[in-house]
Structure formats: C-alpha cells, structure tokens
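Hello,

Here is the structure I promised to pass on. Have a look at it first, and my notes follow below.

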Amino acid sequence: MKQHRAMFRYVEDILYSYDREKGDKSKNRIAYDRYAHTVRVYQWMMRIVNELHDNSLDWESLKIATIFHDAGYSKQGEDDHAASSAAICRDYLERRQYPQPQIDFICYLVAEHSNKRLFREKNTPVELVVLMEADMLDDTGAMGIILDTWIASKEKQPSFESVCRHFEKYTYRHMKQMEFVTAPGKKFWHEKRKLVYEFLRQYRRDLGGE
C-alpha cells in the first residue's frame, strides 16, 4: 500500500543517517545494515501471517509496527532502541492523524518487541508474538552462520577455531535456547535449527573433533 511505501522510505532515511559501524553495540565491528534487517523481518512477518490464517489478527497495525520496530537505532547513544523506536513511530503516526487507540497499540508492539519475558505469556497479543518471531528469524540459520563468521573475522587474529567458538556462543546457543509459539514460526525455526545443528556438527568434525 502507498502509505507503507512512505513509511519504509521514512525509516530508511533515518536509519541510513547514522553511522552503522557505531550504532549497534552487538554488531559494532561490521557495517550492519539495520534497514535491510527491517525489510527481512517484514518478509518473515508476512510469511508467518500468510500461514497463520488468524482472522482476528490486526494485520495493519502489525505491518506498521514491523516497519518501525528498529527505527530507534537512528538515535545515537540510546540504550533502549525499542523505546526510541516507539517514540519515533508515535510521532510519525500522530502527525498523520491515525486513530489514537491504533497508535497506542502499534507503539506497544514496537516498545515491547525485545521483551522476551512476554514471548510465551498467555495474554500476550498474537501480533506481538508474530513480530518477535519474525525478528528472531532474521540473522539466524544460514544468515546467522554468515553473520557470526563476518563478526569473528574482525578479531585481531581470527582462526577457524575462533570462528567456531563465536558461532557456539551466539547463533548456536540462541537457537538451542529459544522455542517458538505459532505453528508457522515453529516450522521456520525448526528448519533453521536443523541447518545450524548439522553445520556445527560438520564444522567440529572438520576441526578434528568427533
């Protein structure tokens, strides 16, 4: 829709206005593209919703929340990117006179999308669950393998062993610990987890392990 294209452009402009090598503490050794991440999360959200078949879902609000969920990374020095993202989203929607109840719900989704404590609680709105799942599906699986290798390669003396340790500490541990909620999310996560487990098994073997 036209308004969504305008939102994407707005978020793209503000995210590309900051120094990507300093704006993300968890990936501060690489030029991580936060806007490209946003687009990929939006695609994962669409995949989940298309398979979820939940007519009660507020899809419009979920789409907008997904577009804005990481906009707060444009604020240098902010520790809580989710709160900053919600503030940016609220300002954008209020200036365009969206209904206040919808603004409040969208900004709730944005502000809480990193709050994993809510992930499996019974009263958590399905829209928030889907946004969380879509966010976690990016940078994992095959993407996680490449991302960990990219980050580990920036160490002073990178090696096959150091890359393996980094992979075990981040992507492998993350995928081992997390369990998804929706049926589509579980399916996509299982596919990624299977790839990661097999990759690590073969990588350890290639390094001389069992």
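To start with a side chain you may want to click on: is Asp91 buried, partly exposed or exposed? Asp91 is partly exposed, with a relative accessible area of 37% (buried means under 20%, exposed over 50%, partly exposed in between, with a 1.4 Å probe and protein chains only).

Please keep in mind that this is a predicted model, where local features need pLDDT of at least 70, side-chain atom pairs count only at pLDDT 80 or more, and totals for chains, interfaces and linings use all residues. Residues are numbered from 1 along each chain as its sequence is written, and side-chain values use heavy atoms, leaving out hydrogens and water.

Now the charged pairs. There are eleven salt bridges, each a side-chain nitrogen of Lys or Arg within 4 Å of a carboxyl oxygen of Asp or Glu. One of them joins Arg34 and Asp70 at 2.7 Å, N to O, and both residues are buried. Another pairs Asp139 with Arg40 at 3.2 Å. Asp139 is in the loop between helix 6 (126–137) and helix 7 (142–152) and Arg40 is in helix 2, so this bridge ties together parts that are 99 residues apart in sequence. Helices here are DSSP runs of H or I, at least four residues, numbered from the N terminus.

As for cysteines, the structure has zero disulfides, meaning pairs of cysteine sulfur atoms within 2.5 Å. For Cys89, the nearest cysteine sulfur, that of Cys107, is 4.3 Å away.

Best wishes

Definitions and conventions:
Helices (H or I, at least four residues) and strands (E, at least two) are DSSP runs, numbered from the N terminus.
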